[in-house]
Amino acid sequence: MPGPRQPTRHPIHLNINGQAHALEVEAWTPLLDLLRTHLHLTGTKKGCDHGQCGACTVLVDGVRTLSCLTLAVMRDGSEVTTVEGLAQGEQLHPLQQAFIEHDAFQCGYCTPGQLCSAAGLANEGQAQSLDDVRELMSGNLCRCGAYPQIAQAVAQVVLGPGPHKSERADKPIVTGTVPA
Amino acid sequence: MNPFAYTSATTIPSAIAQVDTGPGSTTAAGDARFIAGGTNLLDLMKENVMRPARLVDINKLGLDAIERTEDGGLRLGALARNATTAYHPLVREHYPLLSTAILAGASPQIRNMASNGGNLLQRTRCYYFYDTGTPCNKRAPGSGCSALGALARQHAILGASEHCIATHPSDMCVALQALEATVHVASPRGERAIPFLEFHRLPGDRPDMDTTLQQDELIVAITLPNAEAFRAHSVYLKLRERLSYAFALVSVAVALDVEGGAIRGVRLALGGVAHKPWRDPAVETLLAGQPAEETSYRRAADALLQGAVPQGVGVGSNAFKIPLARRAIVRALTQAAAGTVTNLGDNVR
């Protein structure tokens, strides 16, 4: 009697934090699980596993991406940057340095996703104000509520030295107007 | 997620050859589905709401171009990402309504990953649809609608049926509806062009069918007609329970052609209120030639909300959506008459 069939494993190549990897993955393996469980890169966190919290954010070819909703097999040939890849040896990434200076984390669980998301935000080049930074970081939740400090840290790196002020904070709120 | 087979298609004929034929019902077990960005499909698979036996990766089909059409409109590749589309210079400049609507939805990460075609096909976020422990006619035809008379705060006030009161969650689609987009699809039978009004269905007695697509039809592009007449007076007003990163309770897309205090033409679509972006060209005809002032807008709102019916009970009632939608329509038209509002940092009121 033939034994149970083994699931198909797909050969892929990924460059992760500057290191080339030749891997074999089942089609249903999310990139998040590949990073954490198979490659022991546990910096990236599984917060909700459904694309809602942003804790799993990594850079894929420089673009901020939710690794929990990415099938590894679909990113064959990509360059992936995780939080472990932000520093250059002992030299912290400017965002990491700013997060320390601004006390932008408490429990630290959302922080890898915040850092990679902010790095992606910087690459996108769309934020022009603190309000833009807050809006464009809104895909990263922080249960500890470090948002004000996170926003200042990201704004410092992306916009220049602060402190940065909201342009909307002291205006009457016009409900529902976009700029969101 | 259920185990599934995975292939990556390199030509359109080979992609569509790998999926099943038949009307686009989502209940067939063991079916094959296209995957592009995967931001909705993989979520639904993690919840076991959808369990395709095969995924056909369509990202290598070269369908991601954004380019002018010969008649002065725009062609959006189905595989172009939502973020790429929203930030594209041609879209920002000539279709600010579309750019604004896309950027009002989801999160930056999701917008980076999500495809244009996938945005059209995303499924309702009704909690009962997602909860496989509850009856749901969309997920399991004939099992009943759990939202009726229950928690229906996010549900429809227009176009619903006793079988389903779900809403379509997309912001981009509300803008595409207002901009009179056309959806271009390919299948073994050739290509066809579907007017946006005819793309999404009302639930009727087949809520398992979200769209008029056949199962083996692949969206290749979305085209927009020339919209220069509306460029300077476009607004996407999204009302929700947070300032960001939440679905609309009610949203309004307005594309207005106004001159000297008189409305020359208007396109109007509502989000958050029905199984599809809600638009009635007859209401737009009513507004043409009218003065650009509140009495005209109120009349249009009343006409567009004709037949609105509240759903749900207690804290789950969506009755608030009816007056909210009425005021939102008036607000959006008022804003549009004063000028285009975008979310790209240049309009702080």
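**Exercise 1. The interface**

How many residues does the contact take from chain B and from chain A?

*Solution.* Start with the model. This is a predicted model: local features need pLDDT of at least 70, side-chain atom pairs count only at pLDDT 80 or more, and totals for chains, interfaces and linings use all residues. Residues are numbered from 1 along each chain as its sequence is written, chains are lettered from A and ligands numbered from 1 in the order in which they are written, and side-chain values use heavy atoms, with hydrogens and water left out.

Step 1. Count the residues. Chain B gives 44 residues and chain A gives 42 residues. Contact here means heavy atoms within 4.5 Å.

Step 2. Take the area. The size of an interface is often given as the accessible area lost when the parts come together. Chain B and chain A bury about 3400 Å² between them. Carbon and sulfur atoms hold 61% of that area. Buried area is the accessible area (1.4 Å probe) lost by two parts on being put together, summed over both.

Step 3. Find the main contributors in chain B. B:Tyr6, B:Lys46 and B:Gln109 lose the most area to chain A. Together they make up 18% of what that side buries.

**Exercise 2. Polar links across the interface**

Find the salt bridge between the chains, then describe the side of chain B that touches chain A.

*Solution.*

Step 1. Apply the rule: a side-chain nitrogen of Lys or Arg within 4 Å of a carboxyl oxygen of Asp or Glu. It finds 1 salt bridge across the interface. A:Asp49 pairs with B:Lys46, and their closest N and O atoms are 2.8 Å apart.

Step 2. Look at the elements. Helices (H or I, at least four residues) and strands (E, at least two) are DSSP runs, numbered from the N terminus. Several of them in chain B each supply at least two residues to this side, among them helix 2 (41–46), strand 3 (54–57) and strand 9 (234–239). Helix 6 of chain B gives the largest share, 6 residues.

Step 3. Sort by type. The side of chain B divides into 20 nonpolar, 14 polar and 10 charged residues. Ala, Val, Leu, Ile, Met, Phe, Trp, Tyr, Cys and Pro count as nonpolar, Asp, Glu, Lys and Arg as charged, and the others, Gly among them, as polar.

**Exercise 3. Helix 11 and the residue after it**

Which residues of helix 11 (residues 294–304) of chain B are buried?

*Solution.*

Step 1. List them: B:Ser296, B:Tyr297, B:Ala300, B:Ala301 and B:Leu304. Because they cover an arc of only 135° around the axis, they sit on the same side of helix 11 of chain B. The arc is that of the directions from the helix axis to the C-beta atoms.

Step 2. Find the partners. These residues pack against strand 11 (262–271), helix 10 (281–287) and helix 12 (321–338) of chain B.

Step 3. Move on to B:Leu305, in the loop between helix 11 and helix 12 of chain B. B:Leu305 counts as buried, at 4% relative accessibility. Buried means under 20% relative accessible area, exposed over 50%, partly exposed in between (1.4 Å probe, protein chains only). Beyond four places in sequence, the contacts of B:Leu305 include B:Leu158, B:Leu270 and B:Ile322.

**Exercise 4. Unusual backbone**

Where is A:His40 found, and is A:His40 buried or exposed?

*Solution.*

Step 1. Recall the background. Most residues other than glycine have a negative phi, and most peptide bonds are trans.

Step 2. Place A:His40 in the loop between helix 1 (31–38) and strand 3 (57–60) of chain A. Its phi is near 60°, a positive value. A:His40 is exposed, with a relative accessible area of 62%.

Step 3. Check the peptide bonds. A cis peptide bond joins A:Gly162 and A:Pro163, with omega about 5°.
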